[in-house]
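I have a fresh page open and a cup of coffee beside it. These are my notes on what I looked up, in the order I got to it.

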Amino acid sequence: MRRTIDWADDAVVIIDQTALPGEFRLLHLRTVGELVDAIKRLAVRGAPALGAAGALGVALAARTGDDLEADARLIATARPTAVNLAWGVERALAKRREGPEAILEEAKALLDEDEELNKAASKHAAEVVLHECPRRPLRLLSHCNAGRLATVGWGSALGVVWHLHERGLVEEVLVDETRPLLQGARLTAWELAQENVPYRVQPDGAAAAAMANGMVDCVLVGADRIAANGDVANKIGTYGLAIAARHHGIPFVVVAPSSTVDTTLETGAGIAIEERDARELTHHAGTPVTPPDTRVFNPAFDVTPYELVTAVVTEHGRLEP
Ligand code: MRU
(Lines give C-alpha, C1' and ligand atoms only; values in the text may rest on other atoms or scores of the structure.)
Protein backbone atom coordinates (compact mmCIF):
# COMPACT_ATOMS: atom_id res chain seq x y z
CA MET A 1 0.00 0.00 0.00
CA ARG A 2 1.14 3.54 -0.69
CA ARG A 3 1.87 5.96 2.15
CA THR A 4 -1.10 7.47 3.99
CA ILE A 5 0.47 10.91 3.61
CA ASP A 6 3.29 12.06 1.35
CA TRP A 7 4.71 14.96 -0.64
CA ALA A 8 4.34 14.99 -4.43
CA ASP A 9 3.91 17.61 -7.18
CA ASP A 10 4.36 20.51 -4.71
CA ALA A 11 1.42 19.28 -2.65
CA VAL A 12 0.64 17.23 0.44
CA VAL A 13 -0.98 14.06 -0.88
CA ILE A 14 -3.24 12.10 1.46
CA ILE A 15 -5.48 9.06 1.25
CA ASP A 16 -8.92 10.55 1.92
CA GLN A 17 -9.99 8.63 5.02
CA THR A 18 -13.53 10.02 4.88
CA ALA A 19 -14.11 8.10 1.62
CA LEU A 20 -12.96 4.64 2.77
CA PRO A 21 -13.94 1.85 2.56
CA GLY A 22 -16.28 2.77 -0.34
CA GLU A 23 -13.71 4.63 -2.40
CA PHE A 24 -9.89 4.80 -2.41
CA ARG A 25 -9.29 8.45 -3.25
CA LEU A 26 -6.21 10.68 -3.04
CA LEU A 27 -6.44 14.37 -2.16
CA HIS A 28 -3.81 16.90 -3.22
CA LEU A 29 -3.66 19.67 -0.60
CA ARG A 30 -2.02 22.77 -2.04
CA THR A 31 -2.68 25.41 0.64
CA VAL A 32 -2.47 25.56 4.42
CA GLY A 33 -6.23 26.18 4.48
CA GLU A 34 -6.89 22.93 2.60
CA LEU A 35 -4.57 21.00 4.92
CA VAL A 36 -6.13 22.41 8.10
CA ASP A 37 -9.59 21.60 6.76
CA ALA A 38 -8.50 18.00 5.94
CA ILE A 39 -7.15 17.59 9.50
CA LYS A 40 -10.34 18.93 11.09
CA ARG A 41 -12.57 16.69 8.87
CA LEU A 42 -10.38 13.65 9.70
CA ALA A 43 -9.52 13.13 6.04
CA VAL A 44 -6.06 12.63 7.55
CA ARG A 45 -6.10 11.38 11.14
CA GLY A 46 -4.30 9.23 13.71
CA ALA A 47 -1.53 10.64 15.88
CA PRO A 48 1.60 9.69 13.85
CA ALA A 49 -0.06 10.66 10.54
CA LEU A 50 -0.92 14.01 12.13
CA GLY A 51 2.76 14.46 13.02
CA ALA A 52 3.58 14.05 9.33
CA ALA A 53 0.75 16.42 8.39
CA GLY A 54 2.15 19.02 10.78
CA ALA A 55 5.65 18.87 9.30
CA LEU A 56 4.48 18.80 5.67
CA GLY A 57 2.05 21.63 6.46
CA VAL A 58 4.95 23.85 7.54
CA ALA A 59 6.77 22.91 4.31
CA LEU A 60 3.67 23.93 2.37
CA ALA A 61 3.39 27.19 4.32
CA ALA A 62 7.05 28.03 3.69
CA ARG A 63 6.46 27.74 -0.06
CA THR A 64 3.01 29.28 -0.42
CA GLY A 65 2.25 31.54 2.55
CA ASP A 66 3.55 34.89 3.75
CA ASP A 67 3.36 34.45 7.54
CA LEU A 68 5.07 31.18 8.45
CA GLU A 69 4.63 31.51 12.21
CA ALA A 70 0.89 32.23 11.93
CA ASP A 71 0.37 29.35 9.48
CA ALA A 72 2.34 27.02 11.76
CA ARG A 73 0.09 27.98 14.70
CA LEU A 74 -3.03 27.33 12.61
CA ILE A 75 -1.78 23.85 11.69
CA ALA A 76 -0.56 22.95 15.20
CA THR A 77 -3.94 23.83 16.75
CA ALA A 78 -6.17 22.22 14.11
CA ARG A 79 -6.77 19.37 16.59
CA PRO A 80 -5.68 19.63 20.24
CA THR A 81 -5.19 16.13 21.64
CA ALA A 82 -2.58 14.28 19.55
CA VAL A 83 0.73 15.81 20.61
CA ASN A 84 2.33 14.53 17.38
CA LEU A 85 0.69 17.33 15.38
CA ALA A 86 2.43 20.16 17.28
CA TRP A 87 5.59 18.02 17.48
CA GLY A 88 5.69 17.68 13.68
CA VAL A 89 5.10 21.40 13.24
CA GLU A 90 7.89 22.29 15.69
CA ARG A 91 10.35 19.88 14.12
CA ALA A 92 9.89 21.40 10.64
CA LEU A 93 9.75 24.95 11.99
CA ALA A 94 13.15 24.49 13.64
CA LYS A 95 14.61 24.63 10.08
CA ARG A 96 13.01 27.98 9.21
CA ARG A 97 16.29 29.91 9.13
CA GLU A 98 17.62 27.51 6.50
CA GLY A 99 14.72 28.16 4.11
CA PRO A 100 11.84 26.27 2.45
CA GLU A 101 13.95 23.47 0.95
CA ALA A 102 15.51 22.61 4.32
CA ILE A 103 12.06 22.59 5.92
CA LEU A 104 10.78 20.21 3.25
CA GLU A 105 13.79 17.93 3.66
CA GLU A 106 13.17 17.78 7.43
CA ALA A 107 9.51 16.94 6.87
CA LYS A 108 10.47 14.19 4.41
CA ALA A 109 12.96 12.79 6.93
CA LEU A 110 10.20 12.65 9.55
CA LEU A 111 8.03 10.69 7.10
CA ASP A 112 10.86 8.26 6.34
CA GLU A 113 11.43 7.61 10.05
CA ASP A 114 7.76 7.07 10.87
CA GLU A 115 7.41 3.64 9.33
CA GLU A 116 10.65 2.36 10.92
CA LEU A 117 9.70 3.67 14.37
CA ASN A 118 6.22 2.13 14.20
CA LYS A 119 7.66 -1.15 12.99
CA ALA A 120 10.10 -1.19 15.91
CA ALA A 121 7.46 -0.21 18.49
CA SER A 122 5.01 -2.82 17.26
CA LYS A 123 7.70 -5.51 17.17
CA HIS A 124 8.54 -4.83 20.82
CA ALA A 125 4.82 -4.85 21.62
CA ALA A 126 4.33 -8.19 19.82
CA GLU A 127 6.89 -9.71 22.21
CA VAL A 128 5.05 -8.18 25.18
CA VAL A 129 1.76 -9.68 23.94
CA LEU A 130 3.35 -13.11 23.47
CA HIS A 131 4.82 -12.88 26.96
CA GLU A 132 1.57 -11.74 28.63
CA CYS A 133 -0.88 -14.02 26.76
CA PRO A 134 -0.38 -17.80 26.91
CA ARG A 135 -3.11 -18.81 24.43
CA ARG A 136 -2.22 -19.56 20.77
CA PRO A 137 -3.44 -18.47 18.31
CA LEU A 138 -4.41 -15.08 19.74
CA ARG A 139 -7.76 -13.28 19.83
CA LEU A 140 -7.03 -9.56 19.87
CA LEU A 141 -9.34 -6.61 20.46
CA SER A 142 -8.75 -3.35 18.58
CA HIS A 143 -10.29 0.10 19.11
CA CYS A 144 -10.37 2.99 16.63
CA ASN A 145 -7.73 2.75 13.90
CA ALA A 146 -4.07 2.51 14.82
CA GLY A 147 -3.03 0.97 11.53
CA ARG A 148 -1.27 2.08 8.36
CA LEU A 149 -3.88 4.77 7.87
CA ALA A 150 -3.13 6.32 11.27
CA THR A 151 0.59 6.53 10.50
CA VAL A 152 2.72 7.20 7.43
CA GLY A 153 3.09 3.44 7.06
CA TRP A 154 2.83 0.11 8.94
CA GLY A 155 0.81 1.23 12.01
CA SER A 156 1.23 1.02 15.78
CA ALA A 157 -1.33 -1.20 17.56
CA LEU A 158 -2.38 -2.79 14.26
CA GLY A 159 1.31 -3.10 13.42
CA VAL A 160 1.44 -5.66 16.23
CA VAL A 161 -1.25 -7.63 14.41
CA TRP A 162 0.84 -7.55 11.18
CA HIS A 163 3.89 -8.95 13.05
CA LEU A 164 1.85 -11.67 14.78
CA HIS A 165 -0.11 -12.56 11.63
CA GLU A 166 3.16 -13.01 9.70
CA ARG A 167 3.99 -15.70 12.25
CA GLY A 168 0.56 -17.36 11.96
CA LEU A 169 -0.34 -16.42 15.52
CA VAL A 170 -3.60 -14.51 15.03
CA GLU A 171 -6.93 -16.33 15.27
CA GLU A 172 -9.13 -13.24 15.06
CA VAL A 173 -9.23 -9.50 15.62
CA LEU A 174 -12.40 -8.18 17.23
CA VAL A 175 -12.81 -4.69 15.82
CA ASP A 176 -14.71 -2.11 17.86
CA GLU A 177 -16.75 -0.10 15.35
CA THR A 178 -15.68 3.08 17.25
CA ARG A 179 -18.60 5.43 17.30
CA PRO A 180 -19.43 8.01 16.21
CA LEU A 181 -17.09 8.24 13.21
CA LEU A 182 -16.55 4.48 12.80
CA GLN A 183 -12.76 4.44 12.38
CA GLY A 184 -12.85 0.76 13.43
CA ALA A 185 -15.65 -0.41 11.15
CA ARG A 186 -14.54 1.68 8.16
CA LEU A 187 -10.74 1.78 8.41
CA THR A 188 -9.41 -0.99 10.68
CA ALA A 189 -11.73 -3.56 9.10
CA TRP A 190 -10.63 -2.39 5.63
CA GLU A 191 -6.95 -2.77 6.53
CA LEU A 192 -7.48 -6.24 8.04
CA ALA A 193 -9.43 -7.34 4.97
CA GLN A 194 -6.57 -6.12 2.72
CA GLU A 195 -4.12 -8.28 4.70
CA ASN A 196 -6.42 -11.32 4.93
CA VAL A 197 -6.45 -11.24 8.73
CA PRO A 198 -9.64 -12.83 10.15
CA TYR A 199 -11.76 -10.19 11.89
CA ARG A 200 -15.23 -9.42 13.15
CA VAL A 201 -16.64 -5.95 13.76
CA GLN A 202 -18.57 -5.45 16.98
CA PRO A 203 -20.49 -2.51 18.44
CA ASP A 204 -18.36 -0.71 21.04
CA GLY A 205 -20.85 -1.77 23.69
CA ALA A 206 -20.11 -5.46 23.01
CA ALA A 207 -16.46 -5.28 24.08
CA ALA A 208 -17.03 -6.01 27.78
CA ALA A 209 -19.36 -8.90 26.90
CA ALA A 210 -16.74 -10.34 24.52
CA MET A 211 -14.22 -10.25 27.39
CA ALA A 212 -16.71 -11.85 29.79
CA ASN A 213 -17.37 -14.58 27.20
CA GLY A 214 -13.65 -15.42 27.05
CA MET A 215 -13.28 -14.20 23.46
CA VAL A 216 -10.35 -11.79 24.04
CA ASP A 217 -6.72 -12.60 24.92
CA CYS A 218 -5.36 -9.05 24.70
CA VAL A 219 -6.56 -5.48 24.08
CA LEU A 220 -4.27 -3.50 21.75
CA VAL A 221 -4.64 0.25 21.30
CA GLY A 222 -2.64 3.22 20.03
CA ALA A 223 -2.34 6.60 21.74
CA ASP A 224 -2.71 10.29 20.99
CA ARG A 225 -0.73 11.58 23.96
CA ILE A 226 1.04 9.83 26.83
CA ALA A 227 1.84 11.83 29.96
CA ALA A 228 5.06 11.44 31.97
CA ASN A 229 3.34 9.17 34.51
CA GLY A 230 2.14 6.84 31.73
CA ASP A 231 -1.50 8.01 31.55
CA VAL A 232 -2.77 7.50 28.00
CA ALA A 233 -5.12 9.66 25.93
CA ASN A 234 -6.71 7.69 23.10
CA LYS A 235 -10.01 7.42 21.23
CA ILE A 236 -13.12 7.79 23.37
CA GLY A 237 -14.06 4.42 24.82
CA THR A 238 -10.47 3.33 25.50
CA TYR A 239 -10.81 4.03 29.24
CA GLY A 240 -13.91 1.82 29.47
CA LEU A 241 -12.05 -0.96 27.63
CA ALA A 242 -9.18 -0.73 30.11
CA ILE A 243 -11.55 -0.99 33.08
CA ALA A 244 -13.29 -4.01 31.53
CA ALA A 245 -9.95 -5.64 30.66
CA ARG A 246 -8.67 -5.21 34.23
CA HIS A 247 -11.92 -6.66 35.60
CA HIS A 248 -11.46 -9.76 33.42
CA GLY A 249 -7.68 -10.06 33.95
CA ILE A 250 -6.94 -9.36 30.26
CA PRO A 251 -3.68 -7.60 29.28
CA PHE A 252 -4.14 -4.05 27.95
CA VAL A 253 -1.23 -2.96 25.76
CA VAL A 254 -0.63 0.55 24.36
CA VAL A 255 1.66 0.98 21.34
CA ALA A 256 2.95 4.31 20.05
CA PRO A 257 6.09 5.97 18.67
CA SER A 258 7.90 8.08 21.27
CA SER A 259 6.71 11.25 19.49
CA THR A 260 3.37 10.55 21.22
CA VAL A 261 4.96 10.88 24.67
CA ASP A 262 4.58 14.34 26.21
CA THR A 263 6.92 14.63 29.18
CA THR A 264 5.87 18.26 29.75
CA LEU A 265 2.67 16.87 31.28
CA GLU A 266 3.06 15.17 34.63
CA THR A 267 -0.28 13.33 34.41
CA GLY A 268 -3.11 12.76 31.96
CA ALA A 269 -5.19 15.39 33.77
CA GLY A 270 -3.33 18.04 31.77
CA ILE A 271 -4.22 16.60 28.35
CA ALA A 272 -6.60 18.77 26.29
CA ILE A 273 -9.51 16.65 25.08
CA GLU A 274 -11.08 17.61 21.77
CA GLU A 275 -14.88 17.96 21.78
CA ARG A 276 -16.40 17.47 18.36
CA ASP A 277 -19.46 18.74 16.54
CA ALA A 278 -22.87 17.77 17.92
CA ARG A 279 -23.98 16.69 14.44
CA GLU A 280 -21.73 13.60 14.70
CA LEU A 281 -24.30 12.35 17.25
CA THR A 282 -27.53 14.10 16.35
CA HIS A 283 -27.44 13.01 12.69
CA HIS A 284 -26.80 9.78 10.85
CA ALA A 285 -25.86 10.13 7.15
CA GLY A 286 -27.48 13.58 7.16
CA THR A 287 -30.73 12.39 8.81
CA PRO A 288 -31.58 13.58 12.34
CA VAL A 289 -31.60 10.73 14.88
CA THR A 290 -32.32 12.79 18.01
CA PRO A 291 -35.09 15.26 18.88
CA PRO A 292 -34.48 18.83 17.63
CA ASP A 293 -32.07 20.89 19.78
CA THR A 294 -30.69 17.84 21.60
CA ARG A 295 -27.50 18.76 23.47
CA VAL A 296 -24.60 16.31 23.35
CA PHE A 297 -21.40 15.30 25.13
CA ASN A 298 -19.04 14.33 22.31
CA PRO A 299 -15.43 14.06 23.48
CA ALA A 300 -13.16 12.52 20.83
CA PHE A 301 -10.74 11.07 23.40
CA ASP A 302 -10.49 9.92 27.00
CA VAL A 303 -7.61 9.36 29.40
CA THR A 304 -6.78 5.89 30.74
CA PRO A 305 -4.87 5.97 34.04
CA TYR A 306 -1.55 4.14 33.85
CA GLU A 307 -2.57 1.80 36.67
CA LEU A 308 -4.98 0.11 34.21
CA VAL A 309 -2.33 -0.33 31.51
CA THR A 310 -0.27 -3.52 31.30
CA ALA A 311 2.43 -1.91 29.15
CA VAL A 312 3.09 1.23 27.14
CA VAL A 313 5.45 0.26 24.32
CA THR A 314 7.43 2.57 22.02
CA GLU A 315 10.33 1.96 19.63
CA HIS A 316 12.54 1.94 22.75
CA GLY A 317 10.59 -0.95 24.25
CA ARG A 318 8.49 -0.94 27.40
CA LEU A 319 8.15 2.58 28.78
CA GLU A 320 8.32 3.14 32.51
CA PRO A 321 6.55 6.16 34.02
O1 MRU B 1 -9.90 10.96 16.00
P2 MRU B 1 -8.84 10.08 15.41
O3 MRU B 1 -9.37 9.11 14.42
O4 MRU B 1 -7.66 10.88 14.89
O5 MRU B 1 -8.31 9.24 16.66
C6 MRU B 1 -7.22 8.38 16.47
C7 MRU B 1 -6.94 7.50 17.62
O8 MRU B 1 -7.50 7.63 18.68
C9 MRU B 1 -5.85 6.48 17.44
O10 MRU B 1 -6.09 5.37 18.24
C11 MRU B 1 -4.51 7.12 17.84
O12 MRU B 1 -4.28 8.29 17.11
C13 MRU B 1 -3.38 6.19 17.66
S14 MRU B 1 -2.99 6.00 15.96
C15 MRU B 1 -1.61 5.06 15.73
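**Entry 1: the core**

I started with the largest nonpolar core, which has 101 residues. Inside this core, Val58, Val219 and Val253 have the most contacts. I then asked which element gives the core its largest share, and α2 came out on top with 12 residues. I also checked the domains: domain 1 (5-113) and domain 2 (121-318) each provide at least three residues of this core. One reminder to myself is that this is a predicted model. As background, I jotted down that nonpolar side chains in soluble globular proteins tend to be buried together.

I picked Val58 for a closer look. Leaving out residues up to four places away in sequence, I found Val58 touching Ala72, Ile75, Val89, Ala92, Leu93, Ile103 and Ala107.

**Entry 2: around the ligand**

Next I went to the ligand. I noted 18 residues surrounding it, and the closest are Arg45, Ala146, Ala150, Gly222 and Lys235. Sorted by character, the shell around the ligand holds 9 nonpolar, 6 polar and 3 charged residues. Both α2 (47-64) and β9 (232-235) supply at least two residues of that shell.

Where does the ligand lie relative to domain 1 and domain 2? I wrote down that it lies between them, because domain 1 (5-113) and domain 2 (121-318) both give residues to the shell.

**Entry 3: the annotated positions**

I turned to the UniProt record, an unreviewed entry. Its "binding site" annotation lists Arg45, Gly46, Ala47, Arg79, Gln183, Asn234 and Lys235. I followed up two of the listed residues, Gly46 and Ala47.

Gly46 sits in the loop between α1 (32-40) and α2. I count Gly46 as buried because it has 31 other C-beta atoms within 10 Å. Setting aside residues up to four places away in sequence, Gly46 touches Asn145, Ala146, Leu149, Ala150 and Thr151.

Ala47 belongs to helix α2. It is buried too, with 29 other C-beta atoms within 10 Å. Beyond its neighbours within four places in sequence, I see Ala47 in contact with Ala82, Asn84, Ala150, Gly222, Ala223, Asp224, Ala256 and Thr260.

Asp224 in that contact list caught my eye, since the "active site" annotation of the unreviewed UniProt entry covers Asp224. I placed Asp224 in the loop between β7 (218-221) and β8 (225-227). Is Asp224 buried or exposed? I put it down as buried, because it has 32 C-beta neighbours inside 10 Å. Not counting residues up to four places away in sequence, Asp224 touches Ala47, Thr81, Ala82, Ala233, Asn234, Thr260 and Phe301. Among these contacts, Ala47 and Asn234 are also on the "binding site" list.

**Entry 4: cis peptide bonds**

I looked up the backbone next. The peptide bond from Leu20 to Pro21 is cis, with omega near 5 degrees. I located Pro21 in the loop between β2 (11-15) and β3 (26-29). Another cis bond runs from Arg179 to Pro180, with omega near 0 degrees. Pro180 is in the loop between β5 (170-176) and α7 (183-194).

**Entry 5: positive phi**

Two residues went on my list here. Asp10 is not a glycine, yet its phi is positive, near 60 degrees. I found Asp10 in the loop between β1 (5-8) and β2. With 12 C-beta neighbours inside 10 Å, Asp10 counts as exposed, and I noted that the cut-off for exposed is 12 or fewer.

Asn196, also not a glycine, has a positive phi of about 55 degrees. The loop between α7 and β6 (199-202) holds Asn196. I marked Asn196 as exposed because it has 8 C-beta neighbours inside 10 Å.

**Entry 6: one last position**

I ended with Asp293, which is in the loop between β13 (287-288) and β14 (301-304). I wrote Asp293 down as exposed because it has 7 C-beta neighbours inside 10 Å. How far apart are the C-alpha atoms of Asp293 and Leu20? I noted a separation of 30 Å, for two residues that are 273 residues apart along the chain.

Note on methods:
Residues numbered from 1 in each chain as written. Predicted model: local features only at pLDDT ≥ 70, side-chain atom pairs only at ≥ 80, totals over all residues. Near = placed C-beta within 6 Å. Helix = DSSP H or I, 4+ residues; strand = E, 2+ residues; numbered from the N terminus. Nonpolar A, V, L, I, M, F, W, Y, C, P; charged D, E, K, R; others polar. Domains from an automatic or database assignment. UniProt positions renumbered as here; feature names shortened; annotations may be inferred. Buried ≥ 20, exposed ≤ 12 C-beta atoms within 10 Å, placed from the backbone. Contact = placed C-beta atoms within 7 Å. Core = buried A, V, L, I, M, F, W, Y, C linked by C-beta atoms within 7 Å.
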